[in-house]
Amino acid sequence: MRFSLIDRILELEPGRRIRAVKALSLAEEYLGDHFPKFPVLPGVLMLEALTESAAWLIRASEDFAHSIVVLKEAKRIRYGQFVEPGQLLYLTAEIVSQDDRYTECKAEGRMEDRLTVSGKIYLERYNLA
C-alpha cells in the first residue's frame, strides 16, 4: 500500500513554507484496522503527512530537480489530539536550514486552532538520473 496523504496544497512560498490539508474520510483503508470501533488517523501517518508536505515544498522550491525526497530523521514529535473521520488536518512545513543534500523543517498539523502534531523533520534529497 502506498500512501498519498496530502489532499490539497493551500499555500506555497517556494524556499520558505507550505500549507496543505488532509481530509480524513471513513473510507480510508487503514482505518478498518486502526481501532475498528474508534477510527483515528495513526500517529505515524500524521508524521507521513508532514513529511509529504515538506517534500512538496522542497520539490517546488528546487524546480523538481530531485527524483526522491525522503524522511531521514524526526525529532521532538509531539501529538496533541486524535484526528477522526470527517475532520480536516491542516499541515504547515517551514524550511529552517538547507545544504546541498539535507533540509531541516519545522512542521505542524492543526485541527481548527488545536495543535495535533508538531516537530522537526530532516529530509534527504536524491537525484537518480
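In this predicted model, buried residues account for 40% of the 129 residues in the chain. The overall dimensions can be pictured as a box of roughly 45 × 30 × 25 Å, filled by the C-alpha atoms along the principal axes. The radius of gyration is 15 Å, which agrees with the value near 14 Å that a compact globule of 129 residues would have. The accessible surface comes to about 7,500 Å², and carbon and sulfur atoms contribute 49% of that area.

The chain is built from one helix and six strands, and a walk from the N terminus meets them in the order β-β-α-β-β-β-β. Contacts often reach far along the sequence: of those between residues at least 6 apart, 65% join residues at least 24 apart.

Turning to the interior, the largest nonpolar core has 29 residues, and Tyr30, Leu41, Val83, Leu89, Ile121 and Leu123 touch the most other members. Two or more residues each come from β2 (17-23), α1 (43-61), β4 (88-98), β5 (102-111) and β6 (114-126), with α1 giving the largest share, nine residues. Such a gathering fits a broader pattern: in soluble globular proteins, nonpolar side chains tend to be buried together. Leu89 offers a good place to look around, as its contacts beyond four places in sequence include Ala20, Val21, Leu41, Met46, Val83 and Met111.

Some nonpolar side chains lie on the outside instead. Ile9, Leu12, Trp56 and Phe64 form a surface patch with about 370 Å² of accessible area together. Within this patch, Phe64 sits in the loop between α1 and β3 (68-79). Phe64 counts as partly exposed because its relative accessible area is 49%, between the limits of 20% and 50%.

Terms used: Residues are numbered from 1 along each chain as its sequence is written. This is a predicted model: local features need pLDDT of at least 70, side-chain atom pairs count only at pLDDT 80 or more; totals for chains, interfaces and linings use all residues. Side-chain values use heavy atoms; hydrogens and water are left out. A nonpolar core is a set of buried Ala, Val, Leu, Ile, Met, Phe, Trp, Tyr and Cys residues joined through side-chain atoms within 4.5 Å. Buried means under 20% relative accessible area, exposed over 50%, partly exposed in between (1.4 Å probe, protein chains only). Helices (H or I, at least four residues) and strands (E, at least two) are DSSP runs, numbered from the N terminus. Contact means heavy atoms within 4.5 Å. Patches are made of residues with over 30% relative accessible area and no salt bridge: like charges are joined within 9 Å, nonpolar side chains (Val, Leu, Ile, Met, Phe, Trp, Tyr) within 5 Å. Accessible areas come from the Shrake-Rupley method with a 1.4 Å probe; for residues, only the protein chains shown count as cover. A salt bridge is a side-chain nitrogen of Lys or Arg within 4 Å of a carboxyl oxygen of Asp or Glu. The radius of gyration is taken over C-alpha atoms; the globule rule is 2.2 Å times the number of residues to the power 0.38.
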